[in-house]
Amino acid sequence: MHSQLLIGSFIQSPELLQALETELDAQSYRIHTGVSEEAFSQWVSRNRHRIDCLILEPSAGLLALLESLQAKGIFLPALFWSDTASASEPSSQSFGNSQDVANAYHKAILNLPSVDLPKLEHYIHQAIEQFLKLPHNNGDENVELTSLEDTHHFLLSLQQQRLAEKLKERLGYLGVYYKRNPEGFLRNLSASERLQVLEKLRSDYRAIILRYFVQDDTLNAKIDDFVNSGFFADVSVSQIVEIHMELMESFSKQLKLEGRSEEILLDYRLTLIDVIAHLCEMYRRSIPRNM
């Protein structure tokens, strides 16, 4: 049974709504249609790591919606439906300027003219393919982190790269399973590269620990990013346990110096279980289906 692609649509056009039903096979696609900008934005936020493509129709509030997604670091393949015959430019009446749309989200957006609605499935796969080819710096050859804002955008671009890798993996389920590059495996890296990867994992895991029992809408994304990095580096469960124990030992020493109880650290076994469960699921899903 092939995995379904999850499509998030925010449209009002009866023509396009009908095309979603007639042109997309229900066995291959699952479609969510937003009823309001606020509700759709919330749905995208909750399903950011499951959505494969967005289909959006020009509206007065669309730029605000895209800017909101970008501010949350949510980057996804996207199609903009247009009632014009040309696929090169979005409707100027609705968008104002095509560059505004690109700046509001990312530069891999794809325009779907109404005349090409019968090719909707092709456009979806093309939008995904373009998204996967996005430069990590979103088209800028020289990225200089000269301010907090630059750093913020740089981190968003890194998240976009990780999401692209996850989409590559998921698309592999439609045919041949996705194969990771062994050159990126921890055991095949040089000593300095291995140390750099492990230090990044320790830093990311520490950030997860510090926010695990705090109301934080970005926590799930942090866990997914950490697990995704571990998966593509072929990090073992035992190495994750080692990172956890090292951090707990460090916290234990600090608590002793402050004269506080160490019992609170036992609660963070839930964090370890959570992360390991996610990582094991990634490894399980990477096994070819015919094995």
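# Close-up views of a predicted model

**View 1. K72 is found in the loop that runs between α3 (62-71) and β4 (78-82).** The model shown in this and the following views is a predicted one. With a relative accessibility of 39%, K72 counts as partly exposed, because that class covers values between 20% and 50%. Once neighbours within four places in sequence are left aside, the contacts of K72 are with S41, S45 and R48. A further residue to locate in this view is D217, which is 145 residues from K72 in sequence. In space, the C-alpha atoms of K72 and D217 are 9.5 Å apart.

**View 2. The whole protein chain is shown for orientation, with its eleven helices and five strands.** The chain has 291 residues, and buried residues account for 44% of them. Among the contacts between residues at least 6 apart in sequence, 76% join residues at least 24 apart. The views that follow return to individual residues, rings and helix pairs.

**View 3. Helices α2 and α3 are shown where their axes come within 11 Å of each other.** The two axes cross at roughly 25°. Helix α2 is therefore roughly parallel to α3, since angles under 35 degrees fall in that class. The crossing of these two helices is right-handed. From α2, the residues E37, F40, S41 and V44 take part in the contact; from α3, the partners are L62, L65, S68 and L69. Sorted by class, the residues in the contact of α2 with α3 are five nonpolar, two polar and one charged. S41 of α2, which belongs to this contact, is also among the residues touched by K72 in View 1.

**View 4. Aromatic rings, of which the model has six pairs, are shown at two places in the chain.** F10 and F40 form a stacked pair, with ring centres 5.4 Å apart and an angle of 25° between the planes. F10 belongs to strand β1 (residues 5-10) and F40 to helix α2 (residues 37-46), so this pair ties together parts that lie 30 residues apart in sequence. Both F10 and F40 are buried. The second pair shown is that of Y212 and F213, whose ring centres are 5.1 Å apart; the planes stand at 85°, so the pair is edge-to-face. Y212 is buried, its relative accessible area being 18%, whereas F213 counts as partly exposed at 46% relative accessibility. Around F10 and F40, ring pairs also bring in W43, and F10, F40 and W43 are thereby linked into a cluster.

**View 5. Helix α8 (residues 191-211) is shown packed with helix α10 (residues 237-257).** Two packed helices are described by the angle between their axes and the distance between the axes. Here the angle is about 60° and the axes are 10 Å apart. Helices α8 and α10 are therefore oblique to each other, and their crossing is right-handed. On the α8 side, the residues that meet the partner helix are L201, R202, Y205, R206, I209 and L210. On the α10 side, they are I243, H244, E246, L247, M248 and F251. The residues of this contact divide into eight nonpolar, one polar and three charged.

**View 6. S252 is shown at its place in helix α10.** S252 is buried, with a relative accessible area of 11%, because buried means under 20%. Apart from neighbours within four places in sequence, S252 is in contact with E262 and L265. Another residue to compare is I264, twelve residues from S252 along the chain; the C-alpha atoms of S252 and I264 are separated by 9.6 Å.

**View 7. G184 is shown in the loop between α7 (148-172) and α8.** At 30% relative accessibility, G184 counts as partly exposed. Not counting residues up to four places away in sequence, G184 touches L189, F232 and A233. R194 is ten residues from G184 in sequence, and the C-alpha atoms of G184 and R194 are 9.7 Å apart in space.

Conventions. Residues are numbered from 1 along each chain as its sequence is written. This is a predicted model: local features need pLDDT of at least 70, side-chain atom pairs count only at pLDDT 80 or more; totals for chains, interfaces and linings use all residues. Side-chain values use heavy atoms; hydrogens and water are left out. Rings of Phe, Tyr and Trp (its six-membered ring) pair if their centres lie within 6.5 Å; planes under 30 degrees apart count as stacked, over 60 as edge-to-face and the rest as tilted. Helices (H or I, at least four residues) and strands (E, at least two) are DSSP runs, numbered from the N terminus. Buried means under 20% relative accessible area, exposed over 50%, partly exposed in between (1.4 Å probe, protein chains only). Contact means heavy atoms within 4.5 Å. Axes are lines fitted to C-alpha atoms, for helices over the stretch in contact, and angles run from 0 to 180 degrees between N-to-C directions. Angles under 35 degrees count as roughly parallel, over 145 as roughly antiparallel, 65 to 115 as roughly perpendicular and the rest as oblique. A crossing is left-handed if the near helix is turned anticlockwise from the far one by less than a right angle, and right-handed if clockwise. Ala, Val, Leu, Ile, Met, Phe, Trp, Tyr, Cys and Pro count as nonpolar, Asp, Glu, Lys and Arg as charged, and the others, Gly among them, as polar.
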